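Work through the exercises below with the sequence and the model side by side. Try each task before reading its solution.

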Amino acid sequence: MNQQARQQRRPSGRPRAAAAAAALAIGVVLAGTVAPPAANAASNTAANTAARKDPVQQGLNALVHDDGLPAALASVRDRTGRTRGYTAGVGDLATGAKVPRDGQVRIGSNTKTFTAVVVLQLVGEQRIGLDEPVETYLPNVVRGEGIDGRRITVRQLLQHTSGLPDYEGSIDDATIRHRYFEPRDLLDIAFRQKADAAPGAKFGYSSTNYVLAGLIVQQVTGRPLAEEIDRRVIQPLGLRRTTFPAPGDRTVPEPHPRGYHRDPADGPLRDITELDPSAGGAAGQMISTTSELNRFFTALLAGRLLPPAQLAQMRTTVPIGDTGAGYGLGLISRPLSCGGVYWGHGGDIPGYETRGGATDDGRAAEITVTAVPTDAAATKHLEAVVDTALCH
């Protein structure tokens, strides 16, 4: 559920690879289409040599072998639409099973962009006002010490400038794994804390904002957010492997790599694939694949999901500290080493972290690792591979 905007909150300390990861095989680059069998050993050797020289593959291999992450998956799309899939590591440390090509993973806070798209579609339909107070849609819900829904706008929710406290730090990993949370449960946890800042005063990443945004969608449409995301985004784009898990569903559909977690940060990796994702809710509950995330962000930037006015609002950013990144309305811009920016989000939930996005000229890249890095250096390495994929 967390992402770059809150990286400073994560524990530091280089993770130690599990014993089962010591013999991880070098990941194999997978083409977007099925290739015919190699004619001879020489062609196999040539293909393996090319894979080893591919900078994206090299980056994924380093995430596994140097940073101690169990596996990495990536999908990279160039400006012509050609797509390549990559894997590194192993998909199951207990069995040594391969990483499934374009396997399904929990996408954490990338869910926020889906939620923001639905809110902005409703803005375009004049059913929600961006600068209307939250109180208009959720009367008497947003209350606490320094917290008043009459002073917070929908725009401030989507841009994390509401000053609302985050509930995530108050829920431990064991609770996240086993407990089902209603959205109101998450708000109760958040509003026991005082406000972080006055509305509009500064950027402050808080998943509480998106839990409220999801409730606004439900209030305005009369349908659950999951149904609206499916009807308005998933079905129109043909995202057959992108889902918002139903209440009580703790599984990740097959095929998928197993997800792993360290708690404490220097502890051993343990399998946490099955968990209740409801603590993410509208802020981080969804499942997808790297290729379908590429399709989503590419379609979004191409104007296939929002009218021009709402897309322009979504792309209007405030600085995320001194990182060079900017936060729009559920959409983050990050600078590229080769010039320009890419637009995406990123997200994590115990077991998986995904980073990436798309450019205005049609390039796209998403990379997932199957454990949330506990070392800030590993996260920077992950971001560097995204940059390599978009600039190479």
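A residue is called buried when its relative accessible area is under 20%, and exposed when that area is over 50%. The model used here is predicted, and the exercises should be read with that in mind.

**Exercise 1. Decide whether Asp102 counts as buried or exposed, and describe its backbone and its place in the chain.**

Step 1: Asp102 has a relative accessibility of 19%, and because buried means under 20%, Asp102 counts as buried.
Step 2: The phi angle of Asp102 is near 55°, which is a positive value in a residue other than glycine.
Step 3: Asp102 is found in the loop that runs between β3 (83–89) and β4 (105–106).

**Exercise 2. Carry out the steps of Exercise 1 for Asn140, and decide whether Asn140 is buried or exposed.**

Step 1: The relative accessible area of Asn140 is 60%, and since exposed means over 50%, Asn140 is exposed.
Step 2: Asn140, again a residue other than glycine, has a positive phi, near 65°.
Step 3: The loop that holds Asn140 lies between α3 and β5 (143–144).

**Exercise 3. Check the length of α7 against its expected span, and find out how many of its residues are buried.**

Step 1: With 14 residues at 1.5 Å a residue, α7 should span 20 Å, and its end C-alpha atoms are indeed 20 Å apart, so the two values agree.
Step 2: Of the 14 residues of α7, 11 are buried, and therefore α7 is largely enclosed by the rest of the structure.
Step 3: Among these buried residues are Tyr210, Leu212, Leu215 and Ile216, and the buried residues of α7 pack against α3, α4 (154–158), α6 (183–190), α8 and β11 (326–327).
Step 4: Just after α7 comes Gly222, which takes a positive phi of about 80°.

**Exercise 4. Repeat the length check for α8, then locate its kink and say what covers its buried residues.**

Step 1: The 13 residues of α8 (residues 225–237) should span 18 Å at 1.5 Å a residue, and the end C-alpha atoms are 17 Å apart, which agrees with that expectation.
Step 2: The kink in α8 is about 35° and is centred on Arg231.
Step 3: The buried residues of α8 are Leu225, Glu228, Ile229, Arg232, Val233, Ile234 and Leu237, and what covers them includes α3 (111–124), α7 (208–221) and α9 (290–301).
Step 4: After α8 follows Gly238, with a positive phi near 65°.

**Exercise 5. Which peptide bonds, one ending at Pro255 and one ending at Pro264, are cis, and where do these prolines lie?**

Step 1: The bond from Glu254 to Pro255 is cis, with omega near -5°, and Pro255 has its place in the loop between α8 and β7 (260–261).
Step 2: The bond from Asp263 to Pro264 is cis as well, with omega near 10°, and Pro264 lies in the loop between β7 and β8 (270–271).

**Exercise 6. Judge how far the model can be read in detail, using its mean pLDDT and the values over residues 2–47.**

Step 1: The mean pLDDT of the protein is 89, and 87% of its residues reach 70 or more.
Step 2: Over residues 2–47, however, pLDDT stays under 50, although the model has 97 contacts beyond four places in sequence for these residues.
Step 3: Where pLDDT is low, the predicted coordinates should not be read in detail.

Definitions and conventions: Residues are numbered from 1 along each chain as its sequence is written. This is a predicted model: local features need pLDDT of at least 70, side-chain atom pairs count only at pLDDT 80 or more; totals for chains, interfaces and linings use all residues. Side-chain values use heavy atoms; hydrogens and water are left out. Helices (H or I, at least four residues) and strands (E, at least two) are DSSP runs, numbered from the N terminus. The expected span of a helix is 1.5 Å times one less than its number of residues. The bend at a residue is the angle between axes fitted to the seven residues ending there and the seven starting there. Buried means under 20% relative accessible area, exposed over 50%, partly exposed in between (1.4 Å probe, protein chains only). Contact means heavy atoms within 4.5 Å. pLDDT is the predictor's confidence in each residue, from 0 to 100.
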